[in-house]
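Me: Could you teach me how to read a strand and its surroundings in a model like this one?

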Amino acid sequence: MLIAGFPAGAWGTNCYLVAPAAGEECVIIDPGHQAAQGVEETLKKHRLKPVAVVLTHGHIDHVASVVPVCGAHDVPAWIHPEDRFMMSDPEKALGRSIGMPLMGELTVGEPDDVRELTDGGVLKLAGMEFSVAHAPGHTKGSVAFRMPGAGDVPPVFFSGDLLFAGSIGRTDLPGGSHAEMLQSLARVCLPLDDSTVVLSGHGSQTTIGRERATNPYLREVAAGLGADPTAAPRRGM
């Protein structure tokens, strides 16, 4: 399997391109602010053909390049219905203005083909399977994507802004909920095998085993306690 990722834009949001191998079809995950050029460069480098864009949630730092990327390749975008409005109204999603200079660089709106994700669904795209887990807490419509392992290849978990190396996503923006975040961590993350590779929306990759042992939020959830909201700095837009 080929996974090529890069941080993009003002928020350093990780965009991932996933394919069975170089020269094949691929799926693009979270093409955010100023990600379009990086997407095109990665497609060319690995000779990939996109078939879909899938989104972990609707914040502008994860969806800002959806319209140009989908339009350039005539592919659909998948998003949870509770976050769909954010593509057309990013400032409402944040509860504040994101700044006129920055807004001037964005293509706000939906691509021509938008499809909605459901909890427990399985997307079969580019010869791969992505299991969808609804994981509210950062936003109402946050999801994570799981890919099974095979042989020596471990399972992969695209966590969006649910789980980071050493931290979790912030919950103080509209639609956020610390209680729901803890429930999502318990329901979605804790059952995963320790070998699962975590590719998050910001920062470096990690594993479930490492986070189970060191992440203060995941440790508290595993112990059946409510994690201290000040235990570690939280990330995301």
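Here we go through one strand, its partners and a cavity in this predicted model.

Me: Which way do the side chains of strand E2 point?

Reply: As a general idea, side chains in a regular strand alternate between the two faces of the sheet. In E2, Thr 13, Cys 15, Leu 17 and Ala 19 point one way, while Asn 14, Tyr 16 and Val 18 point the other way.

Me: Are the residues of E2 buried or exposed?

Reply: Strand E2 covers residues 13-19, and seven of its seven residues are buried.

Me: Which strands pair with E2, and in what sense?

Reply: Strand E1 (residues 2-8) runs antiparallel to E2 and is joined to E2 by seven bridges; Leu 2 stands opposite Ala 19. Strand E3 (residues 25-29) also pairs with E2 in the antiparallel sense, over three bridges, and here Leu 17 stands opposite Ile 28.

Me: What should I look for in the hairpins?

Reply: Check the residues between the strands. The hairpin of E1 and E2 has four, and Gly 9 in the turn has a positive phi of about 75°. The hairpin of E2 and E3 has five, with Gly 23 at a positive phi near 80°.

Me: How is empty space found, and how much lies in the largest cavity?

Reply: Rolling a probe the size of a water molecule over the atoms shows where empty space is left. In this model the largest cavity holds about 40 Å³. Its lining includes Asn 14 and Tyr 16, and the elements giving two or more residues to that lining are E2, strand E10 (156-160) and strand E13 (197-200). E10 gives the most, with three residues. By type, the lining divides into four nonpolar, six polar and one charged residue.

Definitions and conventions: Residues are numbered from 1 along each chain as its sequence is written. This is a predicted model: local features need pLDDT of at least 70, side-chain atom pairs count only at pLDDT 80 or more; totals for chains, interfaces and linings use all residues. Side-chain values use heavy atoms; hydrogens and water are left out. Buried means under 20% relative accessible area, exposed over 50%, partly exposed in between (1.4 Å probe, protein chains only). Two strands pair if DSSP finds at least two bridges between them. On a 1 Å grid over the protein atoms alone, a cavity is a set of points where a 1.4 Å probe fits but cannot get out, and a pocket is an open set with protein on both sides within 12 Å along at least five of seven lines; lining residues have an atom within 4 Å of a point. Grid points are joined across faces, edges and corners, and a volume is the space filled by probe spheres set on the points. Ala, Val, Leu, Ile, Met, Phe, Trp, Tyr, Cys and Pro count as nonpolar, Asp, Glu, Lys and Arg as charged, and the others, Gly among them, as polar.
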